[in-house]
Amino acid sequence: MESTPRKRKPGADGTLAEDAVRAQLEKVLASRGFAQADRLSHFLRFIVEQTLQGKSDALDERVIGVEVYGLKPDSDPRSDPTVRQEAHKLRSRLRRYYAGSGRRDPIVIELHRGAYVPVLAPAGNRLSRRTLARMGGAGVLAVAAAAGVWVLRSARKPPRSIAVMPFL
């Protein structure tokens with residue numbers, strides 16, 4: 001009996017249809033930044049497929065090293081930085097893709113620092129670091145402006161004074 005891939009419809013719980021995620025994955029892999037990067041493409045495909053199959057709990061440096069990069073199962077990830085270095089490159093390529101040709105894509109695939117499980121999210125649910133930094137900067141400016149207004153207003157009021165006179 002042939003198994004067909006599960007197709008979920010996007011729901012209120014934030015789940016995405018697997019076929020939509022796979023279509024997004026193929027679009028990313030066909031892009032200029034990934035088309036010639038076989039190792040990074042294999043890495044990205046492996047972690048996204050494992051996540052879609054519900055096997056993201058098993059995604060760690062050792063598993064990726066063995067399955068994607070052909071490292072020996074007994075290799076020590078602490079002494080071999082291959083997976084960490086490749087994950088850094090993958091994060092960088094994904095950021096460039098979504099900042100450029102993928103900026104209007106409906107689904108975003110991200111790999112957060114220190115993690116090997118991809119985050120699959122609708123594009124509307126994503127705030128880039130640059131956007132967050134701008135929002136933080138705008139908040140700091142608003143607080144500084146409010147403080148400045150308060151200082152100026154309090155400086156304009158003449159001080160209240162009370163004179164004490166003797167009763168003689």
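At 13% relative accessibility, Tyr69 counts as buried, where buried means under 20% relative accessible area, exposed means over 50%, and partly exposed is in between (1.4 Å probe, protein chains only). The model behind this value is predicted, so to speak of local features pLDDT must be at least 70, and side-chain atom pairs count only at pLDDT 80 or more, while totals for chains, interfaces and linings use all residues. Residues are numbered from 1 along each chain as its sequence is written, and side-chain values use heavy atoms, with hydrogens and water left out.

Now for the overall layout. The protein has 6 helices and 2 strands; helices (H or I, at least four residues) and strands (E, at least two) are DSSP runs, numbered from the N terminus. Going along the sequence, the pattern reads α-α-α-α-α-β-β-α. Of the 168 residues, 29% count as buried.

Back to the rings. A search of the whole structure turns up 2 aromatic pairs. To pair, rings of Phe, Tyr and Trp (its six-membered ring) need centres within 6.5 Å; planes under 30 degrees apart count as stacked, over 60 as edge-to-face and the rest as tilted. Phe43 and Tyr69 make an edge-to-face pair, with 5.9 Å centre to centre and 85° between the planes. This pair ties together distant parts of the chain: Phe43 sits in helix H3 (residues 38-52) and Tyr69 in the loop between H4 and H5, 26 residues apart. Phe43 counts as buried because its relative accessibility is 0%. Tyr97 and Tyr98 form an edge-to-face pair too, at 4.9 Å centre to centre and 80° between the planes. Both Tyr97 and Tyr98 are buried.

Helix H3, home of Phe43, is mostly covered, with 11 of its 15 residues buried. Among them are Leu40, Leu44, Phe46, Ile47 and Val48, along with Glu49, Gln50 and Thr51. From first C-alpha to last, H3 reaches 21 Å, close to the 21 Å expected at 1.5 Å a residue; the expected span is 1.5 Å times one less than the number of residues.

Helix H5 fits its expected length as well: its 18 residues should span 26 Å at 1.5 Å a residue, and its end C-alpha atoms are 26 Å apart. Which residues of H5 are buried? They are Thr82, Val83, Glu86, Ala87, Leu90, Arg91, Leu94, Tyr97 and Tyr98. These buried residues cover an arc of only 160° around the axis, so they lie on the same side of H5; the arc is that of the directions from the helix axis to the C-beta atoms. An α-helix has 3.6 residues a turn, so residues three or four places apart point the same way. On the other side of H5, His88, Arg96 and Ala99 are exposed.

There is also a hole to look at. The structure holds 1 cavity of 30 Å³ or more, and the largest cavity has a volume of about 50 Å³. On a 1 Å grid over the protein atoms alone, a cavity is a set of points where a 1.4 Å probe fits but cannot get out, and lining residues have an atom within 4 Å of a point. Grid points are joined across faces, edges and corners, and the volume is the space filled by probe spheres set on the points. The lining includes Glu61, Arg62, Thr82 and Val83. Helix H4 (61-67) and helix H5 (82-99) are the elements that give two or more residues to this lining.

Methods: On a 1 Å grid over the protein atoms alone, a cavity is a set of points where a 1.4 Å probe fits but cannot get out, and a pocket is an open set with protein on both sides within 12 Å along at least five of seven lines; lining residues have an atom within 4 Å of a point.
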